[in-house]
Amino acid sequence: MKLQELSAALQNGGFDRIFRYLYEESGEELIKERLRYLRAAERFSGYYGKRREVELFSAPGRTEIGGNHTDHQHGCVLAASVNMDAIAVASKTENGKIRIKSEGFSEDVIDLSDLSIKEDEKNCSASLIRGIAAWFQHKGGKIGGFDAYTTSNVLSGSGLSSSAAFEVLVGTILNGLYNGQKFSPVEIAQAGQYAENTYFGKPSGLLDQASSSVGGFVAFDFADPQKPLVEKVTFDFSNSGYTLCVVDTHASHANLTPDYAAIPKEMKAAASFFGKDFLRDVPEETFYQNLREVRKSAGDRAVLRAMHFFAENRRAQEETKCLKTKDIDQFFQLLIDSGRSSFMYLQNVYSPAHPEQQAVSLTLGLCERLLSKTGGSWRIQGGGFAGTVQAFVPNESLELFRKEIDAFLGEGSCHVLKIRPVGGVSLTQENGKEICDG
């Protein structure tokens, strides 16, 4: 539709039904979503012109529910998309270039006649755009130029995967503008992973991108990481009586690279005792039968982290079963057990190099104090050592929980989220009109 028509439709509530479905918001919060899209449309107009045919796209952030540090060992994970997202106003062009202006960043311009890897683009968003376009070309998809203005409210450094949301957004735009949405959500995720691994220069699994692209609760089995099993799990969390909160501990991620790298390294050291590259390929009973020898070979912490993997891999699968059977109490108990395993065995709650800095530990302790008698759950989120804590809070306790958390960590530290039912989507093409109808 024309840009002016889009702006009028946004102002008049023409997208409110879709917004209610995506964001589960009403009243003032729904109006905020209207204004966010309207500002994006206005800024697109300022950068790329007023008389354009445009489309709206969105890709959500995600939260890890269960399976802390299991994916890199070819294990199982349960994740979910959330109602924070990256959005784009985009328009096709005939100049063979992709131009993306993201709020707060310089414009990226990619010439589609050259999709080779650029060393000077490593670790930059331009490499992701170029790599995703290259993936589409490799897979026989169509590529073409477009202009886009993007903005994101996915918290950076929070474990909600703001980078994956951007990757899925770019893939969803190419899929919508040039490919009639023929590529599946998992394929869109693979495009993002390919770009991140090959062009951006970051070795990563498929978890973040697939969680964003598929949407809702998503169960993964990475036994074959080239062809992971991806299952969307139907569960109406909005009527569960609980609210998902992500708590920003304000701990710094600086100087934590060695801590993150040590986890897969030590897990692989335990696996290598058995001649395997990944713990998923080691029978758990065989591991425990050889515990003393593994300890001598790999060290104490490697053994503890392997113990975490075996238990956490089972838990992720059990959590999925609980959602399917609507056993919310057992689900929350499993999440608490997951968090305790991460603290005790995986040991990713604080850095051993900086034991005086334990913002995450303190936040977990406060969450336990506030929630242990009222229900719900609490656990470390994502990579750990810094970042965020995840909590599922009974609705009737939410305001007290937010008040106590913000009093301790500072105003605005507790972020209330919703589980978003769908992943990357065009709001203006056919799937945007169909998502509200299931």
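Helices (H or I, at least four residues) and strands (E, at least two) are taken here as DSSP runs and are numbered from the N terminus. The model on your screen is a predicted one, and the stops below follow those element names.

**Stop one: two loop residues**

Select glutamine 181, which you will find in the loop between α5 and α6. Its phi is near 60°, a positive value in a residue other than glycine, and glutamine 181 counts as partly exposed because its relative accessibility is 28%. For context, most residues other than glycine have a negative phi.

Then move to asparagine 123, in the loop between β4 (108-111) and α4. Phi of asparagine 123 is near 70°, again a positive value in a residue other than glycine; here the relative accessibility is 56%, so asparagine 123 counts as exposed.

**Stop two: aromatic rings**

Now display the rings of the aromatic side chains, among which 24 aromatic pairs are counted. Start with tryptophan 135 and phenylalanine 136, an edge-to-face pair whose centres are 5.4 Å apart and whose planes meet at 80°. Tryptophan 135 counts as buried because its relative accessibility is 6%, and phenylalanine 136, with a relative accessible area of 0%, is buried as well.

Keep phenylalanine 136 selected and add phenylalanine 183, with which phenylalanine 136 forms another edge-to-face pair, at 5.1 Å centre to centre and with 80° between the planes. This pair links distant parts of the chain, since phenylalanine 136 belongs to helix α4 (residues 125-138) while phenylalanine 183 is in the loop between α5 (162-178) and α6 (185-200), 47 residues apart. Are the two residues of this pair, phenylalanine 136 and phenylalanine 183, buried or exposed? Both phenylalanine 136 and phenylalanine 183 are buried.

Next, select Phe217, Phe235, Phe237, Tyr242, Phe331, Phe332 and Phe392 together, which ring pairs link into a cluster. A ring can also face a charge: show lysine 92 and tyrosine 178, where the charged end of the lysine sits over the tyrosine ring, 4.6 Å from the ring centre.

**Stop three: helix α1**

Select helix α1 (residues 3-11), where Leu3, Leu6, Ser7 and Leu10 are buried. When you look down the axis of α1, these buried residues fall within an arc of 95°, so they line one face of the helix. The pattern has a general background, in that an α-helix has 3.6 residues a turn, so residues three or four places apart point the same way. Among the elements that cover the buried residues of α1 are α2 (16-23), α3 (27-48), β1 (55-66) and β2 (76-92). After α1 comes glycine 13, with a positive phi near 85°.

**Stop four: helix α3**

From α1, pass to α3, which has 22 residues and reaches 32 Å from its first C-alpha to its last, close to the 32 Å expected at 1.5 Å a residue. Which residues of α3 should you colour as buried? They are Leu30, Glu33, Arg36, Tyr37, Leu38, Ala40, Ala41, Phe44, Ser45 and Tyr48. The cover over them includes α1, α2, β1, β2, β3 (97-102) and β5. Glycine 49 follows α3, and its phi is positive, near 110°.

**Stop five: threonine 150 in β5**

Go on to strand β5 (residues 146-152) and pick out threonine 150, which counts as buried because its relative accessible area is 6%. Its side chain is joined to that of serine 102 by a polar contact of 2.7 Å. Apart from neighbours within four places in sequence, threonine 150 is in contact with Ile87, Ala88, Ile100, Lys101, Ser102, Glu103, Phe166 and Leu169.

**Stop six: helix α8**

Select helix α8 (residues 257-272), whose 16 residues span 23 Å from the first C-alpha to the last, close to the 22 Å expected at 1.5 Å a residue. Within α8, the residues Asp259, Ala262, Ile263, Glu266, Met267, Ala270 and Ala271 are buried, and the buried residues of this helix pack against α10 (291-298), α11 (300-325) and α12 (328-346).

**Last stop: histidine 415**

Finish at histidine 415 in strand β11 (residues 414-417). What does the side chain of histidine 415 reach? At 3.2 Å lies the backbone oxygen of glycine 412. Beyond its neighbours within four places in sequence, histidine 415 is in contact with Met84, Leu155, Leu244, Cys245, Val246 and Asp248.

Technical notes. Residues are numbered from 1 along each chain as its sequence is written. Side-chain values use heavy atoms; hydrogens and water are left out. Rings of Phe, Tyr and Trp (its six-membered ring) pair if their centres lie within 6.5 Å; planes under 30 degrees apart count as stacked, over 60 as edge-to-face and the rest as tilted. Buried means under 20% relative accessible area, exposed over 50%, partly exposed in between (1.4 Å probe, protein chains only). A charge sits over a ring if NZ of Lys or CZ of Arg is within 6 Å of the ring centre and within 35 degrees of the ring normal. The expected span of a helix is 1.5 Å times one less than its number of residues. Contact means heavy atoms within 4.5 Å. The arc is that of the directions from the helix axis to the C-beta atoms. A polar contact is a pair of N or O atoms within 3.5 Å; within protein, one must be able to donate a hydrogen and the other to accept it, and residues adjacent in sequence count only if both atoms are side-chain atoms.
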